[in-house]
Amino acid sequence: MTQTTRRILITGANGFIGKNLLVRLGELPGYAVSSFVRGDNPEALPELVAQADAVVHLAGENRPTDISAFATVNARLTEALCAAIAQSIKTTGRRIPFILASSTQAELDNPYGHSKLAAEEAVHKLVAATGNPAVIFRLPGVFGKWCKPNYNSVVATFCYNIARSLPIQINDPSARLKLAYIDDVVTALINAIESPCTGLSIGAVKPEYECTLGELAEQIKAFENYRTTLLTERVGNGFVRALYATYVSYLPNEKFSYPVPQHADPRGVFVEMLKTPDSGQFSYFTAHPGITRGGHYHHSKTEKFLVIKGQALFKFRHLITNETVELLTSGDQPQVVDTIPGWAHDITNVGSDEMIVMLWANENFDRERPDTVASKV
């Protein structure tokens, strides 16, 4: 069965949101994209609109050198798109879903807000006159990869500058920000494309985040600090996850990697990779043939070992009963080995090549309270 291809016209396709939307649509089957970008002739809009199955209007002006550009781009371009859709409906009877990226500043009394409100009013008139489906998204500050720093996004500016050890300026640390993450914005836009509404609807991007300017700066600085402390932030979900992905996207090429401490002795090397606030740390070590590591026990600390190269013999001895256990593992057949509190343990390289072992400990190493007591197995 042949899949129908839908053509989406995206204005502002070279902008921050446009680039992300283009990439996401390119990942999905059944979409072709037309674009209208800065410098294109508005006279081309009627033909572009007539060929489209949906229009996503992202183009906008927010920092013009001439204040009149607010009205020219934000209001009149929207009006031109609406007129082209109305003409297409009159000619073919085919309605073309229209999605407008507006701004929460449409509620404010300033030139930018006025132009955004005028754009929304043009969409209202289109829907009232033709019944054409339309969605208006009043977006808060949007952040994520590919946003231009030192322009109109404080998140982009902070990430870019802090990643390069450049100063940032904060006039009011208590000022509150409302933010939406680019992946969530793009998901909402695609949902609006795939499930056109009837008449006019107000779109929403979820979740929406809120923080102070000072909190934002401190969190991004903490991302930078982990490269020396190895202690990562909780970057697995929510706002911190989105903000961390954004911060990393602004790293200069020369900072795609960073060194970590290596401790070497005649037995091999031990390297700590990552520490977490409450879920332990990750590291790896090597051992030459015949070398034994360990020879200690823990009261509460637990560990997980994974041999990724070589052959290892794990030995355990119960501190009270002297019961012993031996386990032979190999990088050829991955197997995780747990260390058990109250059992002395060691690991010996019984192969003929260097042994490499990954290690997770449930707590970060504390030199004052190491919970590691030497004991022969």
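Before I start, a word on classes: Ala, Val, Leu, Ile, Met, Phe, Trp, Tyr, Cys and Pro count as nonpolar, Asp, Glu, Lys and Arg as charged, and the others, Gly among them, as polar. By that scheme, the lining of the second largest pocket has 8 nonpolar, 9 polar and 9 charged residues. What you have in front of you is a predicted model.

Let me stay with that pocket. The second largest pocket has a volume of about 740 Å³. Its lining is made of 26 residues, and nearest the centre are Phe270, His296, Glu303, Leu359 and Phe365. Strands that each give at least two residues to this lining include β11 (268–275), β13 (292–297), β14 (303–309) and β19 (355–361). Strand β12 is also one of them.

Now the largest pocket. Its space comes to about 1,800 Å³. It is lined by 50 residues, with Glu61, Asn62, Tyr112, Tyr151 and Asn152 closest to the centre. Here the elements that each supply at least two lining residues include helices α1 (16–27), α3 (69–92), α4 (111–130) and α5 (154–163), along with strand β4 (98–103). By class, this lining has 22 nonpolar, 17 polar and 11 charged residues.

Last, the surface. Tyr284, Ile308 and Met358 make a nonpolar patch of about 260 Å². Tyr284 sits in strand β12, residues 281–287. Is Tyr284 buried or exposed? Neither: its relative accessible area is 31%, so Tyr284 is partly exposed. The cut-off for joining a patch is over 30% relative accessible area, and Tyr284 has 31%.

How values were computed:
Residues are numbered from 1 along each chain as its sequence is written. This is a predicted model: local features need pLDDT of at least 70, side-chain atom pairs count only at pLDDT 80 or more; totals for chains, interfaces and linings use all residues. Side-chain values use heavy atoms; hydrogens and water are left out. Patches are made of residues with over 30% relative accessible area and no salt bridge: like charges are joined within 9 Å, nonpolar side chains (Val, Leu, Ile, Met, Phe, Trp, Tyr) within 5 Å. Accessible areas come from the Shrake-Rupley method with a 1.4 Å probe; for residues, only the protein chains shown count as cover. A salt bridge is a side-chain nitrogen of Lys or Arg within 4 Å of a carboxyl oxygen of Asp or Glu. Helices (H or I, at least four residues) and strands (E, at least two) are DSSP runs, numbered from the N terminus. Buried means under 20% relative accessible area, exposed over 50%, partly exposed in between (1.4 Å probe, protein chains only). On a 1 Å grid over the protein atoms alone, a cavity is a set of points where a 1.4 Å probe fits but cannot get out, and a pocket is an open set with protein on both sides within 12 Å along at least five of seven lines; lining residues have an atom within 4 Å of a point. Grid points are joined across faces, edges and corners, and a volume is the space filled by probe spheres set on the points.
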